[in-house]
Amino acid sequence: MSNNDTIRQHYIPQFILRNFVDVKGKISVFDKSTDKRFKCTPYNSACENHFYDFSLNIENEEHSTTFEQAFSAVENLVAPIFARIVKNNELKINTVEKQRVSEFLWLQFARTKCMRGHVREILHEFQAKTNMNDALNPYSKMDPDNLDENDIKIIHSGFILGSQSFADLFYNLRWGLVSTVENRPFFLSDHPVFMMNRLKNIDYVGFGKLGTEFCFPIAPTLMLKMMEVNTVNYFKFELRKINKTKKFYEEVEIINFLQCLNDKKAFLCSDMECNFINKAQVVNSEKFLYSCKNDFSLAETFLKQYPKYKNPLRITMRL
């Protein structure tokens, strides 16, 4: 790794970003907070200088450290797995591969600027749910509202790498693939592992919330979608009661997804479903949307109707 690569640290790995380039090797980017569009290379996308670097005070001496290499090690393990999934358009992975991808999914979910922006909120939530009188609790004496940037980075890094249980949550989801056609690709965003819910509203989501669907676009025409078992069972039960001669589009999409859980092949979603997924990506993004096509008209129209989703810090901590 070159010195420049060490300085420039990506919160979305380049092996995913490269899947979203156009014929000239550029990614189209939409800044939802300003409505500006531009193009850039994967190397210059979804990154920030020294994003994962911080210092630790050990015996009154400052020591610089970073988690960039830890992320790179995980990415190197999963990149060939994702490449095979995209090439074959099917989700055939063994248990070891699924565990590695699950760890990556948690890292990708937790490592973004969006999540770092909510470290104080996360800390407040942890303090409310844990025994703060426990001397072994590393958060017991922290004041969430009086943290400097280095403190935020330390807590964020610990939160990312110290929660194997969250990787296990991803592992225990039911996994399937959804595809779309080239002229209506999936958006990627700066918070690419996102949640959506068609039972209540688009941002009523979280682990354990019935109806939550976990999504991760891995190429312009392919997305990994996951559900908790209780949500899968709910849809199976509800679909048995539907008059089979009168199906609405959402019911058809769920039927197709449940089928792909069994045969591992991706199913082709409808225009309406692709739009729904892309709107959910707009909702969950912090600031930037990425695409292989310079067409963000769907996002622009949606944000005109719901301008609150332009706010980068609108998203709350949802686990």
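User: What makes β8 and strand β13 (residues 288–291) count as a pair?

Analyst: Two strands pair if DSSP finds at least two bridges between them. β8 and β13 are joined by 2 bridges and run antiparallel, so they meet that rule. Within the pairing, Leu188 has Tyr290 of β13 as its bridge partner. The strand and helix names come from DSSP runs, numbered from the N terminus: E over at least two residues for a strand, H or I over at least four for a helix.

User: What kind of model do these values come from, and how are residues numbered?

Analyst: This is a predicted model, in which local features need pLDDT of at least 70 and side-chain atom pairs count only at pLDDT 80 or more, while totals for chains, interfaces and linings use all residues. Residues are numbered from 1 along each chain as its sequence is written, and side-chain values use heavy atoms, with hydrogens and water left out.

User: Why are β3 (36–40) and β8 (188–189) called edge strands?

Analyst: The open sheet has 4 strands in the order β3-β2-β13-β8, paired antiparallel. β3 and β8 each have a single partner strand, so one side of each lacks a neighbour in the sheet. Helix α12 (residues 297–305) packs on this sheet, where it touches β2 (27–31), β3 and β13. Contact here means heavy atoms within 4.5 Å. The direction of α12 makes about 10 degrees with that of β2; axes are lines fitted to C-alpha atoms, for helices over the stretch in contact, and angles run from 0 to 180 degrees between N-to-C directions.

User: What makes β11 (residues 222–227) a covered strand?

Analyst: Buried means under 20% relative accessible area, exposed over 50%, and partly exposed in between, with a 1.4 Å probe and protein chains only. By that cut-off, 6 of the 6 residues of β11 are buried. In a regular strand the side chains alternate between the two faces of the sheet. In β11 one side carries Leu222, Leu224 and Met226, the other Met223, Lys225 and Met227, and all are buried.

User: Which strands pair with β11, and over how many bridges?

Analyst: Strand β7 (residues 174–179) is joined to β11 by 6 bridges and runs antiparallel to it. Val178 is bridged to Met223, and Gly176 stands opposite Lys225. Strand β10 (residues 212–219) also pairs with β11 in the antiparallel sense, over 6 bridges, with Phe216 bridged to Leu224. β10 and β11 form a hairpin with 2 residues between them. The open sheet as a whole has 5 strands in the order β9-β10-β11-β7-β12, with mixed pairing.

User: Which helices pack on this sheet?

Analyst: α4 lies across β7, β9, β10 and β11, at about 75 degrees to β7. Helix α11 (residues 271–284) touches β9, β10 and β11, and its direction makes about 125 degrees with that of β9.

User: How do you know that the buried residues of α8 (residues 164–171) line one face?

Analyst: The buried residues of α8 are Phe166, Ala167 and Phe170. Seen down the axis, they fall within an arc of 105 degrees, so they line one face; the arc is that of the directions from the helix axis to the C-beta atoms. These residues pack against α4 (95–110), α7, β7, β10 and β11.

User: How do you know that the span of α7 (residues 149–161) agrees with that of a helix?

Analyst: The expected span is 1.5 Å times one less than the number of residues. For the 13 residues of α7 that gives 18 Å, and the end C-alpha atoms are 18 Å apart, which agrees. Its buried residues include Ile152, Ile155 and Phe159.

User: Why is Gln9 called buried and Pro80 partly exposed?

Analyst: Gln9, in strand β1 (residues 8–10), has 0% relative accessibility and therefore counts as buried. Pro80, in helix α3 (residues 68–88), is at 49% and so counts as partly exposed.

User: What makes the approach of Gln9 to Tyr52 a polar contact?

Analyst: A polar contact is a pair of N or O atoms within 3.5 Å; within protein, one must be able to donate a hydrogen and the other to accept it, and residues adjacent in sequence count only if both atoms are side-chain atoms. The side chain of Gln9 reaches the backbone nitrogen of Tyr52 at 2.5 Å, so the distance falls under the limit. At the start of α7, a side-chain oxygen of Asp148 comes to within 3.2 Å of the backbone nitrogen of Asn150.
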